[in-house]
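Hi,

Here is the structure I said I would pass on. Have a look at it first, and my notes follow underneath.

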Amino acid sequence: MSEADTILRVAARGDGVAGDGRHAAFAAPGDVLAPDGSVTPGPHHQAPPCRHFPECGGCQLQHLDEESWAQFLHDRLANALEGQGLAAPIRPPALSPPRTRRRATLGAERKGGRVLLGFNVENSHALIDLQECWILDPRLFALVAPLRRLLGRFLKGRARVHLTLSDQGPDVLVEGLAAEGLEAAEAISAFAEANGVARFAVDPGHGVEVRWEPQPVTITLGGVPVPLPPASFLQATPEGEAALVAAAREAIGSARLTADLFAGLGTFALSLPGKVYAGEGARDAIFALKAAGAGRPVFPEHRDLFRRPLTTAELDRFEAVVLDPPRAGAREQVVQLAASRVPRIAYISCNPGSFARDAKVLCEGGFRLDWVVPVGQFRWSTHVELAAAFSRPDSPPA
Ligand SMILES: C[S@@+](CC[C@H](N)C(=O)[O-])C[C@H]1O[C@@H](n2cnc3c(N)ncnc32)[C@H](O)[C@@H]1O
């Protein structure tokens, strides 16, 4: 055994890379790769717990132990920064435990006499018929078998099933299901009642129709119950949300007036001290935040931040900015921020590549990247999230 045939790291797509550059699927750091391509497991190779691994597209890295998964998150972030010529202290990753995912989208399909319900097969449109799951919160997984039976009665073709854990229990939205008539209405009510479902909605293709919602459905953010529009964005796990909020709070320090950009339902806006402006492009999210934030120092605005980013003059009023854009990043907004006098920025990202590109623009504008923390909310997947702190070197300490 030599370094050349030992797996040293895990590449972005999840395969192990040996010292001599050869790639091997499902190999962990420390495994040994023989000339014929066979892999002898090393000390960081764990037995994947789930029967659906590796076919199921929900997880790519169940063969990694905790330490090598954390190293994977660290390396992805370090490589993205390095690619832009940046460096910063990278803190130990915040890892969400198994079975804590509180939102997921599954596929459903009628095949022969039965309905399949689960994640896509990796790199395929085919579906896993989910019999167990190590990432979903058990309260969501408990719906899978009864939902499969319900869909077996009414589904024609394919559907997408959005599951979210709300304050009142599971929230279900089925896109691509018509379920018209009295029989369907009764079946949905019976299913929802028997399984403690908080809301059941369908979208037959022309808009969301709520079929069951005995009490208004909410999600508590920063201690405030917020009306939850069907299939809204939420941080994927409560642990991930807590890690991101703690990082954002630390990064903005004692700011008394903060802008929360790409605010969603208010994950950050409702958890920050002082007054908070919240800018967000989704109309239903901003209405929900307006309703929830009434009487609080939160000022929501419906605004497309790609087309109409906050200008430098607008930004200069704030003592800090929290930024949490979609995967594409926030190029237009970051250009304005780089030219502003804002002293502190907390940047939350679900894409190390677009983050590093935006970070470079901020650093060229005079910001210092103080630290970064990877956040593993999508356990055992190749998806990497993070929070980062920027400050102007001449700004007072946080
Ligand atoms: C990663 S989510 C973050 C949401 C929120 N910060 C949270 O933690 O729950 C990104 C948010 O950006 C919003 N968004 C996407 N494109 C936008 C745009 N052009 N202008 C404003 N908001 C946008 C989405 O609706 C979504 O709420």
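Where does aspartate 324 lie? In the loop between strand E18 (320–323) and helix H8 (331–338). Bear in mind that this is a predicted model.

I started there because UniProt, in an unreviewed entry, puts the feature "binding site" at Gln235, Phe262, Glu280 and Asp324. Aspartate 324 has 23 other C-beta atoms within 10 Å, so it comes out as buried. Leaving out residues up to four places away in sequence, aspartate 324 touches Phe262, Phe268 and Ile348. Phe262 is also one of the positions in that UniProt feature.

Next, glutamine 235, another position from the record. This one is in the loop between strand E14 (224–227) and helix H5 (238–252). Glutamine 235 is buried too, because 25 C-beta neighbours fall inside 10 Å. Its contacts, apart from neighbours within four places in sequence, are Gly240, Glu241, Leu244, Thr267 and Gln377.

Now the helix pair. The axes of H8 and helix H9 (residues 352–364) come within 8 Å and cross at roughly 15°. With that angle under 35 degrees, H8 counts as roughly parallel to H9. The crossing is right-handed. On the H8 side, the contact is made by Arg331, Val334, Val335, Leu337 and Ala338; H9 contributes Asp358, Val361, Leu362 and Glu364.

As for the overall layout, the protein chain is split into domain 1 (3–45), domain 2 (78–97 + 234–391) and domain 3 (103–216). The C-alpha centres of domain 2 and domain 3 are 32 Å apart.

Cheers

Conventions
Residues numbered from 1 in each chain as written. Predicted model: local features only at pLDDT ≥ 70, side-chain atom pairs only at ≥ 80, totals over all residues. Domains from an automatic or database assignment. UniProt positions renumbered as here; feature names shortened; annotations may be inferred. Helix = DSSP H or I, 4+ residues; strand = E, 2+ residues; numbered from the N terminus. Buried ≥ 20, exposed ≤ 12 C-beta atoms within 10 Å, placed from the backbone. Contact = placed C-beta atoms within 7 Å. Axes fitted to C-alpha atoms, helices over the stretch in contact; angles between N-to-C directions. Parallel < 35°, antiparallel > 145°, perpendicular 65-115°, else oblique. Left-handed = near helix turned anticlockwise from the far one by under 90°.
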